[in-house]
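Biologist: I am new to this structure and would like a close look at one part of it. Could you take me through a single helix carefully, and then set beside it a few places elsewhere in the chain?

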Amino acid sequence: MAAFRTFLRSGHAPTLGAAFLYFAFSCCIWVLNGALAPFISEAYQLTAAQKGLMLSIPIMAGALMRFPLGVLSQYIGRKNATLVEMALIAVAMGYGFFMVKGYDDLLAMGVLLGIAGASFGVALSLGSGWYPPKYKGLAMGLVGAGNVGTAVSVLVAPPLAQWLGWQAVYAVAGVAILVPMIVMIVFAKEPPDVDSHAGLRSHMACLFEKDGWAFSLIYAVTFGGFIGLITFLPTYYYDQFGVSKVQAGQLTMLAAFMGAAVRVMGGWISDRWGGVNTLTVVLVGVTVTLLLVGLAGGSLVVTTLLLIVCFAALGAGNGALFQLVPLRWPAATAVAGSMIGEVGALGGGLVPNLMGLSKQYAGTYFWGFAIFAVLSLLMLGVMRVMQIRWTRTWAERGGRARVPAAGTASSAGQAP
């Protein structure tokens, strides 16, 4: 406990808390269509492929909006960028309540839900910006635990939909976003960890580096798998096991909560053991559990237990990867994080589509799980090759932070 108090005093705890709340509410809203999918599918009699497309659009839209929001935050400040985004979310929820009348409107609403998904890079950079390098992993893990908002969404939205009607949930979300807005205005303080003399080109350098793309592809498995599965699992439980709409949300919540909670541990472990070491264990675990989930489609209990383990690995992987990002790009963490988050979340958009197409054309969800498991194994190979150079240039062995010698400047972020 004393160590945690030392950690909090080393930065600005109110900003950390405000960033967590902002990210949690954003995640909650981002996956609303997934949480409401059994109600929506029943209302519009959607096919498996239509469900997959509907659920993938918010993920992909959120991914594509992340980098522009990260760039905007470099110019108007991360705190101001969060307020702009939350105001747009409130407007988008109004569209959902008043304007959605059919399937095409649902697809448009999916694009608007993507506004909430853009929050990732800015939230993590804002929350961790006051903290020194040795605590970056823990700070980012704590903010990243705002993924718990996905668990809240799948737990709360179905009962609200039964009570008020599924479109009314958008209106409730539009009012709820005022809470993190007020907290952000009152408590958050802009961090000082941005090089104000750097131009847009230097901030965008990570787009043209092998490290940036390697991180992005790995994140496509860890976070992409997390958000893609969270979005699809209510539909999977409802269709595969015949549980009620509310029960489908509750079962999904178990996995979502585990993934969000373990994200903090992933950052903390990576600060000590190294992000590369942690990700190695994570990617092996994800590969094995996804294959087993695909084979366990006849057992609700076994499927749920395997998914909890899988989400624990995914959550730890998210924390581990973003322990490495500020070590590699210390002066442009928001933009680098947004770019990596953008490509990573695009990977999540594959999951609902893979599942829907697998079910519609092969009659089983197994191939959707299997393909994503193979991608996890491929990313393990990519990382093990790349880490040889990482640990020679900007990270210690295993992916730990380098501690510069007294009187010398850190070389983090200066890898060729």
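**A helix and its surroundings**

Modeller: Please keep in mind that this is a predicted model. I would begin with serine 358, which counts as buried because its relative accessible area is 6%, under the 20% limit. Serine 358 lies in helix α18, which covers residues 333-362, and, once its neighbours within four places in sequence are left aside, serine 358 is in contact with Gly363, Thr364, Tyr365, Phe366, Trp367 and Gly368.

The helix to examine closely is α5, which runs over residues 48-76. With 29 residues at 1.5 Å a residue, helix α5 should span 42 Å, and its end C-alpha atoms are indeed 42 Å apart, so the expected and the computed values agree. Along the way, α5 has a kink of about 30 degrees at arginine 66, shortly before proline 68. After α5 comes glycine 77, whose phi is positive, near 95 degrees.

Elsewhere, Val175, Leu178, Ile182, Ile185, Val186 and Phe187 make up a nonpolar patch on the surface, and together they have about 590 Å² of accessible area. Helix α12, residues 178-187, supplies the largest share of that patch, namely five residues. Phenylalanine 187 is found in helix α12, and phenylalanine 187 is described as partly exposed because its relative accessible area of 46% falls between the 20% and 50% limits. Serine 358, by contrast, is buried.

Methods. Residues are numbered from 1 along each chain as its sequence is written. This is a predicted model: local features need pLDDT of at least 70, side-chain atom pairs count only at pLDDT 80 or more; totals for chains, interfaces and linings use all residues. Side-chain values use heavy atoms; hydrogens and water are left out. Patches are made of residues with over 30% relative accessible area and no salt bridge: like charges are joined within 9 Å, nonpolar side chains (Val, Leu, Ile, Met, Phe, Trp, Tyr) within 5 Å. Accessible areas come from the Shrake-Rupley method with a 1.4 Å probe; for residues, only the protein chains shown count as cover. A salt bridge is a side-chain nitrogen of Lys or Arg within 4 Å of a carboxyl oxygen of Asp or Glu. Helices (H or I, at least four residues) and strands (E, at least two) are DSSP runs, numbered from the N terminus. Buried means under 20% relative accessible area, exposed over 50%, partly exposed in between (1.4 Å probe, protein chains only). Contact means heavy atoms within 4.5 Å. The expected span of a helix is 1.5 Å times one less than its number of residues. The bend at a residue is the angle between axes fitted to the seven residues ending there and the seven starting there.
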